[in-house]
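User: Please take a close look at one part of this model with me, and then show me how that part sits within the chain as a whole. I am a first-year student, so I would be glad of a careful, connected explanation.

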Amino acid sequence: MTDHTHQAAAHVEASGAGHAVQVRGAVKRYGPVHALAGIDLDVAAGRFLVLLGPSGSGKSTLIRTLAGVERLDQGQVTLGNRLVSDGARHLAPEQRNLAMVFQDYALWPHLTVAGNVGYALRRRRLPGTEAARRSAEILERVGLGQLAGRYPHELSGGEQQRVALARAVVARPGLLLFDEPLSNLDADLRERLRVQIATLTRESGATAVYITHDQSEAFALADVIGVLDHGSLVQLDRPEAIYARPATPFVARFTGLAGELPGRIVATEPDTRPATDSDPTDGVEVVVQVAGRRLRSRAIGALAVGDEVTLTVRPAATSILAAGRAAPFGSLQGVVVDVAYRGRGYDHVVTGPGGTLAAVFDPRPQVRGSTVEIALDPAGCIAYRTSPQQPTERHYSNVTTVSISG
Ligand code: ADP
């Protein structure tokens, strides 16, 4: 399949009219389950919000509420300057000036590619020649100019999803909703379509709300990420801030960890490193003792000397020390139990008295069974007070965590 995205000279003309999205006190119950447990959310016009969370955290319910296919039990949704749902009012999806791209493509089977894309324009009563011009232009942009006469069953999954994307952006709605649009595609197609979604959405000027359980997709696409946990929005922030300062251990875990190590605070001190855009800081660092070693870390919440903590470690914070070198901020010793080739180098799983760290990168492979020293960068380590509530994360079946031994 050829990708014509960069060959097409035409650009999607921006509507310049993205809807600001405002959600207040959104509650949705299914029997005893709070699918939405009181959500407040603001998305500025033209921003790209990704809602990230495991299966069952409430993502679909929230996006379906924005779309208008689900009614709230309590709360309000405002799109642009229109209140579209509250206790009394509920605007139908077609009255909300939005378009949605679904996981299963949801094209009209009896219409051709051109028919599917043109339908959105005919509904807006655009003159025929203008509608045809815009349809042809957007199909060219997504690399489907040659396939305009085909029916959905004559297309691959990736082609169908590009038709769905074209159909969504062609009428220049104020809000674009994406419901896990890449999850049925294989890795290569997924990445190419992700780039098309990012490009076309931003060019269109629409506000976007995109749901996924895939953290790398979320980080790659979002201006702003909202993390959902059991129907609550637990953090809403720029991707860089979420990565550097996850608000809870759940957020840290769900956005990628090498591991979690039990430790105890032995000192607190000011963080002297300057804050940057990709590395914000609130000025507090702690020294955590893990298996007899002292490690520097950031801290979330007020921590004092003697507190038991869980030290969460981002993969990027780990590196294998060359023999004879000292780590500037502390290191842990462990035995290499797994080596995985990743193309640009090797990921190692290392187990020591403090616990296990996975995804420890090194350009060269270390020998299985050998003892190595792992340096830890405090910029990618966050300490949280250990609380008996942490095991509740296990209520989700698909959150991957790295197990701790020792
Ligand atoms: P996600 O999209 O993050 O997987 P959902 O919004 O689909 O989460 O679901 C949130 C919670 O609401 C889950 O516990 C789910 O089982 C429940 N739920 C969703 N839709 C229904 C429904 N139609 N009937 C009963 N429970 C539902």
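Analyst: Leaving aside its neighbours within four places in sequence, G345 touches A340, F361, D362 and P363. The model is a predicted one, and in it G345 is found in the loop that runs between β16 (331-341) and β17 (346-352). Its relative accessibility is 1%, and because buried means under 20%, G345 counts as buried. One of its contacts, F361, is 16 residues away along the chain, and the C-alpha atoms of G345 and F361 are separated by 7.0 Å.

F361 also has a charged partner, since the charged end of R344 sits over the ring of F361, 4.2 Å from its centre. A similar arrangement can be found at another place, where R314 lies over the face of Y243, at 4.2 Å from the ring centre. Returning to the part we began with, A359 belongs to strand β18 (residues 355-362). A359 has a phi near 55 degrees, which is a positive value in a residue other than glycine. With a relative accessibility of 26%, A359 counts as partly exposed, whereas G345 is buried.

Positive phi values turn up elsewhere too. E180, in the loop between β7 and α5 (187-204), has a phi near 45 degrees, again in a residue other than glycine. E180 is buried, with a relative accessible area of 10%. Just after α2, R125 takes a positive phi of about 60 degrees.

Strand β7 leads us to a group of aromatic rings. A search of the whole structure finds seven aromatic pairs. In one of them, the ring centres of F48 and Y210 are 6.0 Å apart and the planes stand at 40 degrees, so the pair is tilted. This pair links distant parts of the chain, since F48 is in strand β3 (residues 48-52) and Y210 is in strand β8 (residues 207-212), 162 residues apart. Y210 also pairs with F178, and that pair is tilted as well, with 5.5 Å from centre to centre and 40 degrees between the planes. F178 lies in strand β7 (residues 175-179) and Y210 in strand β8, so this second pair ties together parts that are 32 residues apart in sequence. Taken together, F48, F178 and Y210 form one aromatic cluster. As for their surroundings, F48 and Y210 are both buried; F178 counts as buried at 0% relative accessibility, and Y210 likewise has a relative accessible area of 0%.

Another part to look at is the largest pocket, which has a volume of about 560 Å³. Of the 20 residues that line this pocket, the closest to its centre are L98, A99, M100, W108 and R123. Several elements share in the lining, for α1 (59-67), β6 (98-101), α2 (113-123) and α4 (157-170) each supply at least two residues. By character, the lining of the largest pocket divides into 14 nonpolar residues, one polar residue and five charged residues.

Helix α2, which contributes to that lining, also has a buried side. Its buried residues are V113, G115, N116, V117, G118, A120 and L121. What covers these buried residues of α2 includes α3 (128-141) and α4, and α4 is itself one of the elements that supply residues to the pocket lining.

A further buried residue shows how a strand can be placed against other parts of the chain. T78 lies in strand β4 (residues 74-79), and T78 is buried, with a relative accessible area of 13%. Apart from its neighbours within four places in sequence, T78 is in contact with A20, V21, Q22, L83 and V84.

Finally, we can set these parts within the whole. The chain has eight helices and 20 strands, and buried residues make up 50% of its 406 residues. Among contacts between residues at least 6 apart in sequence, 70% join residues at least 24 apart. The pair of F48 and Y210, which are 162 residues apart, is an example of a link between distant parts of the chain.

Definitions and conventions. Residues are numbered from 1 along each chain as its sequence is written. This is a predicted model: local features need pLDDT of at least 70, side-chain atom pairs count only at pLDDT 80 or more; totals for chains, interfaces and linings use all residues. Side-chain values use heavy atoms; hydrogens and water are left out. Helices (H or I, at least four residues) and strands (E, at least two) are DSSP runs, numbered from the N terminus. Buried means under 20% relative accessible area, exposed over 50%, partly exposed in between (1.4 Å probe, protein chains only). Contact means heavy atoms within 4.5 Å. On a 1 Å grid over the protein atoms alone, a cavity is a set of points where a 1.4 Å probe fits but cannot get out, and a pocket is an open set with protein on both sides within 12 Å along at least five of seven lines; lining residues have an atom within 4 Å of a point. Grid points are joined across faces, edges and corners, and a volume is the space filled by probe spheres set on the points. Ala, Val, Leu, Ile, Met, Phe, Trp, Tyr, Cys and Pro count as nonpolar, Asp, Glu, Lys and Arg as charged, and the others, Gly among them, as polar. Rings of Phe, Tyr and Trp (its six-membered ring) pair if their centres lie within 6.5 Å; planes under 30 degrees apart count as stacked, over 60 as edge-to-face and the rest as tilted. A charge sits over a ring if NZ of Lys or CZ of Arg is within 6 Å of the ring centre and within 35 degrees of the ring normal.
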